[in-house]
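Work through the two exercises below with the sequence and structure in view. Each task is followed by a solution in steps.

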Amino acid sequence: MKKTISFRVNGIERSVEVEPRVTLLELVREQFNLTGAKLGCDIQVCGACTVLVDGKPVSACSVLAVDADGCDVLTIEGLSGKNSLHPLQEAFMEFGALQCGYCTSGFILTAKALLDEVPDPTEQQIRDYLAGNFCRCGCYQEIMQAIKNVRGKT
Amino acid sequence: METADIGKTFRRLDYETKVTGAAQYLADMQVPGMCRGKILRSPLAHARIKHIDISKAAKVPGVVAIITRDDIVHDEGIEPYYGPVFHDQTIVAVDKVRHVGDPVAAVAALDIDAAEEALRLIEVEYEELPPVLDVHEAMKPGASLVHDAVRIPESGFADLAELKPIEGTNVCTHFKLLRGDIEKGFAESDHCFEDTFTLPATQHCFLETHACIASVEPGGRITVWATTQNPFVVRTQLSNIFKVPVSKVRIIVPYLGGGYGGKVYPKIEPITVALALKAKRPVRVVLSREEVFYTITKHAAVIRMKTGVKKDGTLLARECEIYLDTGAYAEIGPRVAKKSGYTAAGPYRIPNLKIDSYSIYTNKPPAGAFRGFGVSQSAWAVESQMDIVAAALKIDPLEIRLKNGYDEGDKFVTEETLHSVGLKECVNAAAESIGWEQKDRQGDQETRRTRDLEGTNLRRGKGLACMIKATITPSISCAVVKLNEDASLSIYAGTVEMGQGSETALAQIAGKELGIPLQKIQVLGVDTDVVPYDLTTSSSRSTFHMGKAVQLAAQDIMRQLKQTVVKEYGIPEDQIDFADGKIRLPETVLDYSEVMTKRFGMRGGTLVADGQVKTSVKNEYGEKSTSAFWFVAAGAAEVEVDSETGKIKLLKYATAVDVGKAINPLGCRQQLSGAAITGIGQAMFEEIAYDNGQLINPNLVDYVLPSLGDMPPVIDPISVETPDRNGPFGAKGIGESALIPVAPAIANAVFDAVGVRIKDLPIKAEKIYLALEAARVKT
């Protein structure tokens, strides 16, 4: 039986009917066409599907859409401003923190959540916070550089 | 706008769309009327299919089409057998299933739930057969046969023509290499070393799983959106399977979410097209993570290596057998085995060789290309044993490599002359980066005490490894470059952007030739209806081959511009110069767009040029050429090992790669450190685990990938530049180089730290602990 949920997605109020078993990832990708969050592992370990729910990073592949009722959801599509990219997006490009790009939205959103929580994290804090995101192309060193460059500035 | 250049870092052309989430990967795409497809897979490693009943499944509401062997063997329009080397694969299983996960049937339905429900209702009756699960078991007389007979295509790859399955056995191919006089070589040696090294199957684990959308128009025109690294090979295979000319097959490739070799050759494209054909609607299949593990793996290997050396460390003779587990289908395993065989001597001069390299069928998921392509396997043995030799002879591991390593002009094992091999520069650069000191390596007690952490069980060690690898030869890359009326440029190239930065490198090359800024250059997406032929985006070949093709095309555009100036302005050719995207004449300076307007009589028109690169087994200098260019690299690791528990920590890893010429230096560093990190995973934890033919860790919890927490504090990617005489601006391929030395470098560092030799990958704490225990019992 479908349930109606109301929540904000990238600043826009939305109200939709969903089956209770539909995941947040399925909802944003298939109904809202917000495909920046990717399905990688489907079991909450790779981080490619990361979105922010009330500012906290969650693996959208393993969260039910109905649990986002009343929440504020941010996907990568909602991160940049009208005329400018988010400083993390700029830094990821400048330091070469991506290759294939499949993990990128997850890394950027997780890093944003970290910097919102701890504006000037230590290197170890960054490593710990992002340990749940995989980059198979192996851009870890560049990702660290990009985040370190932005810390204390957002 | 800054003019494009070489040797300078430019922001990659694919970045803005990727950091904003706008980039469309295959699973993000939909086409109108699209069905969802799912694949029913074998639960057994080896079984005969007695009966398949789809009657219940067909009744599930929403099911549009189901395909089984009945649809492919009785259809005149379908050739069910295919495969890159041998035609041993079928769209779905025909007589037998040969590995757990082998496709048996597939369903297209209006939604994924209906498709999954239908899969559950397909009834398959199997007659179990004894599976062969290990290469030695598979080679025993009387072993159960994975294939009763293997179909060999009439025309295949030129470099594999001599390799055929051995009838009545599970030997898929046997590559032999003989050089010098092996008996004499061993007789003249002062010491002989014999060791066996092993490494497990691993998986590419690109975060983007294989996916495909297929659509078949009435009239037979096939359109496929594919996650493939070689669309033109997939086009050929689909053309053969569905019996239509290649002009009727269109392959479109969006950005890939990683490839690493796991997306070369047909994967799920044949089954998706077959579904679309029967459903008469477009079908999308997106594999689950588990299914990817059943689709392709990296070859596990057993390598026995016997080496004869002189007292001074000069290598004299090597006998080597390499057994590569290619799984249930040959895939590209025959070439992997050949490349392993070619590199069993490593990057060293060894006058006497006897190499036997086998690809062997077993009842496991197929193994194919994986970044490093057979050389990761051989180098694990070559470079581990090099340190065993060095330790026994008390020679510094750096010195023994410099003593035996290839120099410019040396002969490779195939007797061809090597050019542009900056091997020793790489070895020295990697060693220097981790602070390699001669006296420490010779066991100086004072140095050893200071580097180990006094009062703890922690022991530190350093290790080196190096490698040489070939690129696929012969091969073809064609490119088209168009100069538009506003002097912007469009590049048509079949190179697939899968993260390696090819779009940007190609744009830099064309932009440098024509003096155009990157902002005015568009590299078009890959679509076989639009871009000219390219063999493959693999084998570290694209910058060299496609880069050269684009360069030639850009030069042809300049020639056309020049001709126009001669004709329209009456200026002699020798007075026409190109600089900064303009044409300089004695009296004046012309923009390209002005010349275009003059040529076409109004603002408009297009200048079109193509560039063609083909390499052959004989190069343009008349020399034998197994590889269009050679790539060499070295790695150096510093580790800390707990001598009580075996726990290992990587402190630093340096990777030095001869890149020829760095087109985009940041792009090179990304490829180098990225490949090294994949190598770290393979060296330290990655391993596909089987239990009686069942793959028991096909997920990213039980199959561990390296994450930020596993990274050493420093990875140092070093680009060594030994220009290649044929590469664009001297550039060579770099995609695979850095991965190959990692595992032996770490194993050598572990030996240096605690004196135990790990010969079986991955190098886990448990293995080090057990080896330390064994050593303690001995003393």
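**Exercise 1.** At what angle do helix H2 (residues 87-94) of chain A and helix H5 (residues 140-150) of chain A pack, and how far apart are their axes? Classify the packing and describe the contact.

Solution. The model is a predicted one.

Step 1. The axes of H2(A) and H5(A) are 8 Å apart, and the packing angle is about 140°.

Step 2. Angles over 145 degrees would count as roughly antiparallel; the angle here makes H2(A) oblique to H5(A).

Step 3. The crossing of H2(A) past H5(A) is right-handed.

Step 4. On H2(A), the contact is formed by Pro87(A), Leu88(A), Ala91(A) and Phe92(A). On H5(A), Ala146(A), Asn149(A) and Val150(A) take part.

Step 5. Sorted by class, this contact of H2(A) with H5(A) has six nonpolar residues, one polar and no charged ones.

**Exercise 2.** Determine how chain A is divided into domains, then characterise the side of domain 1 that touches domain 2.

Solution.

Step 1. Domain 1 of chain A covers 3-78, and domain 2 covers 87-150.

Step 2. Between the C-alpha centres of these two domains of chain A there are 21 Å.

Step 3. In the contact between them, domain 1 of chain A has 16 residues and domain 2 of chain A has 13.

Step 4. On the side of domain 1 that touches domain 2, strand S3 (50-53) and strand S4 (56-59) of chain A each supply at least two residues. S3(A) gives the most to that side, with three residues.

Step 5. By class, the residues of this side of domain 1 of chain A are ten nonpolar, four polar and two charged.

Note on methods: Residues are numbered from 1 along each chain as its sequence is written. Chains are lettered from A and ligands numbered from 1 in the order in which they are written. This is a predicted model: local features need pLDDT of at least 70, side-chain atom pairs count only at pLDDT 80 or more; totals for chains, interfaces and linings use all residues. Domain bounds come from an automatic or database domain assignment. Two residues are in contact if their C-beta atoms, placed from the backbone, lie within 7 Å. Helices (H or I, at least four residues) and strands (E, at least two) are DSSP runs, numbered from the N terminus. Ala, Val, Leu, Ile, Met, Phe, Trp, Tyr, Cys and Pro count as nonpolar, Asp, Glu, Lys and Arg as charged, and the others, Gly among them, as polar. Axes are lines fitted to C-alpha atoms, for helices over the stretch in contact, and angles run from 0 to 180 degrees between N-to-C directions. Angles under 35 degrees count as roughly parallel, over 145 as roughly antiparallel, 65 to 115 as roughly perpendicular and the rest as oblique. A crossing is left-handed if the near helix is turned anticlockwise from the far one by less than a right angle, and right-handed if clockwise.
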